[in-house]
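Colleague: I am new to reading protein models, and I would like to go through this one slowly with you. Could you show it to me before we begin?

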Amino acid sequence: MLKELQVKNFAIIDDVRIKFQKGLNVLSGETGAGKTLIIEAINLLIGERADVELIRDGEDKLLVQGYFDFSRNPASLDFLMSEKIIENEDESDDVVITREVNREGKNRAFINGIFTRTGNLKKLGEFFIDIHGQHDHQYLLNYKTHLDIIDRYGGNRIKSVKEDYSTSLKEYVKKKNELVSLKELNKIKEEKLKDLNYKYEEIINLNIKEDEEETLENEARVLKNYEKIYLLASEIKEIIDGDGNKAPSLGENLAIINKDIKELSEIDHNFKNFDDSTSSAMSVIEELKHYIGSYIAESDFSSKKLDSIQERLYKLSELKKKYNMDLNNINGYAKELKFKIDSFGNLDKEINKKLIEYERAREVVVKNAFMLSELRKDITAELKNKISIELADLGFKSVSFIPGHKFIKTGDEIEVENKKIKFSKNGIDDIEFLISLNVGESERPLAKIASGGEISRIMLALKSVISSIDKITAMIFDEIDAGIGGAISLIVGEKLFKISRDCQVIVITHLAQIACFSDVHYFIDKVVENERTKIKIKKLDSNSKIKEISRMMSGLNESDIAIMHSKELIEKCNSVKNEIAGRKTKVEN
């Protein structure tokens, strides 16, 4: 709701503040006093175009600032949090929207002091406010909202059916996508199989062994260094074997050392530390002697073998580059390829299985879609009757209101009456409110109605029926009293008051029969001070309200008779208000 509005340097407004309240807020005043300027100022707060000509003469810029409570409006709250303007729900009851326009045509918008685009103000405005009397910011004129209104009006009757449809739609879409994927795969089956088999055969035919690459690299390194290896090995053998009869072998020398160490250790125990070491050394030398001997005897350089190893290493390296993985992973990849190849053999069976699942899911979603559609038809019929009664109460004698129902015809999911129908997230229904105000005229969309006063009363009829489930938390009526009077104006006032029990209502009116239903009444007056015209806004107390209602009824200065009639009218309206408030309390309890 709009808690407070400040307007500075806006046309003839120099600086005014209005503190609005919950319920029905009425603005009245003489014709031309500037009442509509208040609505135009609010329009700026919800993203309407700002005209430099609106800046008060002699001033550099205009300012409009509104203080809002969005705590009862989840959509507005979600938007503000998504834009990171507020961080939690606790901040939603005191949100400030500011709009500035200067002489250079620059206009700036802020939410809680944070600069924002005017487009964001428009989006936010759509969530919480309707302004009737103009075609802007009336979400009921947008037919895309009508289906949601039907569903919310249906309440629990439609909630579970809609949930069942949503669940079945998700399953249907899932099965459809799975089937389409398999069919697409089947189209390229031969080409895909050829590619898979080629890759598989290429890997398998190489017969890659575990750690083969490291083994081959070592063999290649040995063959490339054969001469050096032979010389080094021969040198080691000579040292170990000794020089024939001229000198004892290394093994014989180690045996002598070992014997001597044992004798020394018997004399000096400190030598015992070397006893095991020399024994180990003898074992190592003996083992090395046998290995070197065998190594030299068996070693044989082969250029053909080296070429073969290098060729094998090249093939393995090329395979690694091609598949961008090491050899161990390539073997794992071959297993994956084999699995995919085998899967193609079962593709036809899998397609048949998915087709059965798809058709079963399709049957369920079709059933749920038509169940939802039939329920909506019942709800639209109920809504049509109630709104028609409201319209008749408001003086539309030849009105015809129809919540037009048809199927969405922009898809190819199912066929009904030789027409292709699409499943949407909300079902298969397309609903638009249509109306005819005169006998013999066909029903047309609400947005095609020309008269602002007629639109306002039609919106009032709609709101009278749906206000308890409406997402909008603030409504403004500017031209609702155009062309009506007498008994109809009392009915209009009563309906406005009834709606204001569920959301804040702000009304500009010239009719006393409407104004007397107010919870709070403001009088707007145009005055001249210091040779400048400006407006003043006064909140009326009970006595002032009686006088203003008297003026609105007679159009003359207050008189005893006019005051008496004013009091009678207010008493009558208070009686109706108390009855409405009592009914609402009873329903809520």
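Modeller: Let us begin with a term: a polar contact is a pair of N or O atoms within 3.5 Å, where, within protein, one must be able to donate a hydrogen and the other to accept it. Please keep in mind throughout that this is a predicted model.

Colleague: With which side chain does the side chain of Thr-98 make a polar contact, and at what distance?

Modeller: Thr-98 belongs to strand E5, which covers residues 95–102. Beyond its close sequence neighbours, Thr-98 touches several residues, including Leu-45, Leu-63, Gln-65 and Phe-110. Among these touching residues is the partner you ask about, for the side chain of Thr-98 makes a polar contact of 2.8 Å with the side chain of Gln-65.

Colleague: Is Thr-98 buried or exposed?

Modeller: The cut-off needed here is that a residue is buried when its relative accessible area is under 20%. Because the relative accessible area of Thr-98 is 8%, Thr-98 counts as buried.

Colleague: Which residue is joined to Ser-373 by a polar contact between side chains?

Modeller: Ser-373 is found in helix H13, and with a relative accessibility of 0% it counts as buried. Leaving aside neighbours within four places in sequence, Ser-373 is in contact with His-405, Phe-407, Ile-428 and Asp-429. The polar contact, at 2.6 Å, joins the side chain of Ser-373 to that of Asp-429.

Colleague: How far does H13 reach from its first C-alpha to its last?

Modeller: H13 has 47 residues, for which a span of 69 Å is expected at 1.5 Å a residue. After the helix comes Gly-395, whose phi is positive, near 95°. The reach of H13 in the model is close to the expected span, at 67 Å.

Colleague: Which helix gives the most residues to the largest nonpolar core?

Modeller: That core has 100 residues, and those touching the most other members are Leu-391, Phe-423, Ile-435, Leu-446, Ile-458, Val-492 and Leu-496. The helix that gives the most to this core, with 13 residues, runs over residues 347–393 and is H13.

Colleague: How many residues are in the second, separate core?

Modeller: Among the members of this second core are Ile-18, Ile-46, Ile-97 and Leu-121. The core is separate from the one we have just discussed, and its number of residues is 49.

Colleague: How many residues apart in sequence are the parts that Tyr-323 and Tyr-333 tie together?

Modeller: A search of the whole structure finds 11 aromatic pairs, and one of them is formed by Tyr-323 and Tyr-333, which are tilted, with 5.4 Å centre to centre and 50° between the planes. Both of these tyrosines, Tyr-323 and Tyr-333, are buried. Tyr-323 lies in helix H11 and Tyr-333 in helix H12, so the separation in sequence of the parts they tie together is 10 residues.

Colleague: Which strands hold Phe-401 and Phe-433?

Modeller: The ring centres of Phe-401 and Phe-433 are 5.5 Å apart and their planes are at 55°, so this pair is tilted. Phe-401 is buried at 2% relative accessibility, and Phe-433 is buried at 1%. The pair ties together parts that are 32 residues apart in sequence, since Phe-401 and Phe-433 lie, respectively, in strands E9 and E12.

Note on methods: Residues numbered from 1 in each chain as written. Predicted model: local features only at pLDDT ≥ 70, side-chain atom pairs only at ≥ 80, totals over all residues. Heavy atoms only, no water. Core = buried A, V, L, I, M, F, W, Y, C linked by side-chain atoms within 4.5 Å. Buried < 20%, exposed > 50% of the residue type's maximum accessible area, 1.4 Å probe, protein only. Helix = DSSP H or I, 4+ residues; strand = E, 2+ residues; numbered from the N terminus. Expected span 1.5 Å × (residues − 1). Phe/Tyr/Trp six-rings, centres within 6.5 Å; stacked < 30°, edge-to-face > 60°. Contact = heavy atoms within 4.5 Å.
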